[in-house]
Amino acid sequence: MTEPLTATEKTSDNPILWVAKPMVTAARQFARSLLHPSTVVYPFERLEDPKFRTEVGIESGKPIGVGPIWDNYRGVHALNIDTCISCNLCAFSCPDLCIDMVTVPGGDPKHPKKCPQIDYGKCSYCGFCSDACPEGCLSMTTRYELSVHSRREMVFPPEKLFGIYQQKLPMNPIRVERPANEDRIVLEPPLCIGCNACSRDCPTNCITMMEIPKPEAKPGEKLPKRIWKEPVINDSDCVRCGTCISVCPKECLFWGSRK
Amino acid sequence: MSSLSLYGVSFDLVHLLLTSIGSVLPYPLDAWITNGTLVLVLSVLVFAAILLAASMINTIVLIWWERKLLGRFMDRRGAMHVGYAGLLQNFADGLKLFRKHTFKPAEADTLGFFSGPTAYMVTSMILFGVLPISTGWNSGSLPLSLLLALAIFSFAPLFIFVSAWSSNNKYSLMGGMRSAAQMIAYEVPLLLAVVAVVIVSGSFDLTTIVTEQQNYWFWGPLFLALVVFVAGMLAEMERIPFDLPEAEAELVEGWNTEYGGMLFAFFMLADYLRGLVGSFLVVLLFLGGWTMPSWVPGALTNFPLAGIFWFLVKTYLVFGLFVWIRASLPRVRTDQLLRVGWNRMIPLSLAAVFLAAALVTVKCLPVFGCLPSPGV
C-alpha cells in the first residue's frame, strides 16, 4: 500500500484499487484497534502504571513512545534540603529567573540557610538548574501533573520540593560533568584587606584565611590599614558558585583561567 | 392487522384510557369522551408520538454506533464517559444544542431559512413512519409503499437547496447546488436497482417484498442491484465518499454553514434519520427484512418482538458497512461522481434489471438464493 501510484493507476478508476484495497486496510486497522486502541484513557489509565505497562507489553522502566521519553523526562523538581549547600548556582543558571533563594529553618541565625523556591508559572523545564547543582540535591522527576487553581499555588517553596523528593520518584539521571579546565577564582593580593567575608560566606568552607607576613614600613611610607591575612582557595572543594566574588568588599576576587 | 400491531396497541391504550376516564364522569361528558371520533384522533396522535420517540432514539443510538465504530477505525475509542460506553453522550449533545440560541444571518430569507430544516426533518420522519419494521410495526398496508418511500426520500435536495439559497452564504449556496446536481447522478441508477427487486418480488408493497424473501433473501440473486443500491444510497444520504454538498474541507460546512443550535440539530438528526431509513431500505429490499432463515434455531426467532429485534440488528450491521466505507474511502469530486453515476452505475443497474428479468423468466432464482430454506 505504501508504494506510490503509477501513472496508469492514477488515471484509472479500478474498483479494486480505489475501493477494495482501502476497505481491506481499514478493516485490518479496525480489527487491530478493537483489541488495543492506541488511546490511553488518561485520568483512568496511565502509562507509568506498572499494570498498564505490562498490558501494552512494555517492561517497567523501559522508555515509552517515540524515543526515550521516559527515563530522562523533565518534570517537577525534587530538592533534598539536607544536602543543599545554598550555593545559588541553580538560581544563577535559570534562564527564566524563576528560582528564588528563600530562607529555610535550620541554618544558624547569622547566616540563614537558603534553598531554591521555583515558580512553575515561569519555569520552562530546561533542566539547567539540576545540571548546575554541584551536590546533586536538585533533580527533575517524572511527575507531570502540576495543575493548580491559582498563580500563587504555582510557586513551590523548598519544603514542597523536599516533599516531592521524599516520595522517591524516578529522577532524571542525566548530569553534566564538570570540565577539567574549569575557571577558578583568583585573588589580586594588593587589594585584599583580609576581611574574612569570602571565607565566612563560602558554602563549602573551602576558603581558609592564611596569615601573611606584615611587611616592614619604609621611612616615609604608610602601611595600608588591614588585617594581614589572605584567602587561600581549595580548588578541589570549590563548586565555583561565585559567592565569594559577590561578597568581596574590595572586588579583589575574580574569575581566572587555570594556569 | 395482527393483535400486536403498533396502531392496534395505541388504539387499545387510548380506548382504555378514555373509557376509564368516562366511567367517572357525569352523563353528557362521558358520552362525548368515549365517542369513537375522539378515540380515533387520539390514537393516531399516540401512534405518531410512538413513531417520533422510536425514530429519535434510534437515530441517536445510530450516531453513537457510528462514533464508536469510526473511533475504532481511527484507532481511537469514540465516546467514553457519559453513560455506559458513552451511550448517553449524544443525548447530552442534543440537550446542549437544544439550549443554544437560534439565530439568523441578517441578510438571510426568514421563511426559507427556518422552513428548510423543518421540512427536511419532517420528511425524514414521515419516511420513518412509512417503512414497515415488522409484521406489527407498520402504518397499514400501502400497495405502493416502496414508491412512496423513495419519493419522499428524494424530497430532501429540494429542502437543502431552499435552506442553502436562503442562508445567503456562498458556501451554503455551493453546497445546495452540489446537492441538486448530485441528485441527477444517483437517482436514476437507484430507481433502476429497485426495479430489479420489484421484478423479482412482483410488488411495490414493502411488506409483500419481505414476505417474498421468506424463502431466500434477494441479496444473492440480485447482488449487482445491491451494489448499485448501496452506492446510490450513500449518495442519497450524502455520506462519505459522496458527501460533496457538505465537503467540510472546501465548503465550510456546506449547506448548513449558517445554521446553529436547534436548527443545526435538526439537520444532523435528519441526516442520521435518513441514514437509518436508508439502512432500513437495504434490509427490506435485499436482506429479508424481519425474516430469518430457517436454519436459525427457533428459540432465537420466536420470542416477542423478535421481528423488530432482528430487523434492527440487520439495520445496524448495514449502517456499520456505511461507516466502514466512510472510514476507508476519500471524497470524490463532482465530475467523478457524475462519471461514476452515468458511466458505471446506470449500465450496472440496467444489467441488474436484465438479470432479474432473465432469472424470473427461466425460474432459476432459488438456485442463486444464498440461504437454504424449507420451501426450496
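Visitor: What makes the contact between domain 1 of chain A and domain 2 of chain A, and how many residues take part?

Guide: In this predicted model, 6 residues of domain 1 of chain A are in contact with 5 residues of domain 2 of chain A. Contact here requires C-beta atoms within 7 Å. The domain 1 side consists of 4 nonpolar and 2 polar residues, with no charged residues. The assignment places domain 1 at 77–166 and domain 2 at 184–216 + 223–256, and their C-alpha centres lie 29 Å apart.

Visitor: Why is A:Val148 called buried, exposed or partly exposed?

Guide: A:Val148 has 12 other C-beta atoms within 10 Å. A residue with 12 or fewer is exposed, and therefore A:Val148 is called exposed. A:Val148 belongs to the loop between strand 4 (138–140) and strand 5 (155–156) of chain A. Not counting residues up to four places away in sequence, A:Val148 touches A:Glu153 and A:Met154.

Visitor: How do you know which class, buried, exposed or partly exposed, fits B:Asp75?

Guide: The count for B:Asp75 is 14 other C-beta atoms within 10 Å. Buried requires 20 or more and exposed 12 or fewer, so B:Asp75 falls in between and is partly exposed. B:Asp75 is in the loop between helix 3 and helix 4 (89–99) of chain B, and its phi is near 65 degrees, a positive value in a residue other than glycine.

Visitor: What makes B:Ala85 buried, exposed or partly exposed?

Guide: B:Ala85 has 14 C-beta neighbours inside 10 Å. This value lies between the limits of 12 and 20, so B:Ala85 counts as partly exposed. B:Ala85 lies in the loop between helix 3 and helix 4 of chain B and has a positive phi of about 55 degrees, although it is not a glycine.

Visitor: Which residues have the most contacts inside the largest nonpolar core?

Guide: They are B:Leu131, B:Ala196, B:Leu222, B:Ala225 and B:Leu285, in a core of 97 residues. Helix 11 (residues 261–286) of chain B supplies the largest share, 18 residues. Leaving aside neighbours within four places in sequence, B:Ala225 is in contact with several residues, including B:Ala196 and B:Ser349.

Visitor: Why is B:Ser349 not a member of a nonpolar core, although B:Ala225 is in contact with it?

Guide: A nonpolar core admits buried Ala, Val, Leu, Ile, Met, Phe, Trp, Tyr and Cys residues; Ser is not on that list, so B:Ser349 is left out.

Visitor: Which elements give two or more residues to the side of chain B that touches chain A?

Guide: They are helix 3 (36–73) and helix 13 (306–328) of chain B. Helix 13 gives the most, with 4 residues.

Terms used:
Residues numbered from 1 in each chain as written. Chains lettered and ligands numbered in written order. Predicted model: local features only at pLDDT ≥ 70, side-chain atom pairs only at ≥ 80, totals over all residues. Contact = placed C-beta atoms within 7 Å. Domains from an automatic or database assignment. Nonpolar A, V, L, I, M, F, W, Y, C, P; charged D, E, K, R; others polar. Core = buried A, V, L, I, M, F, W, Y, C linked by C-beta atoms within 7 Å.
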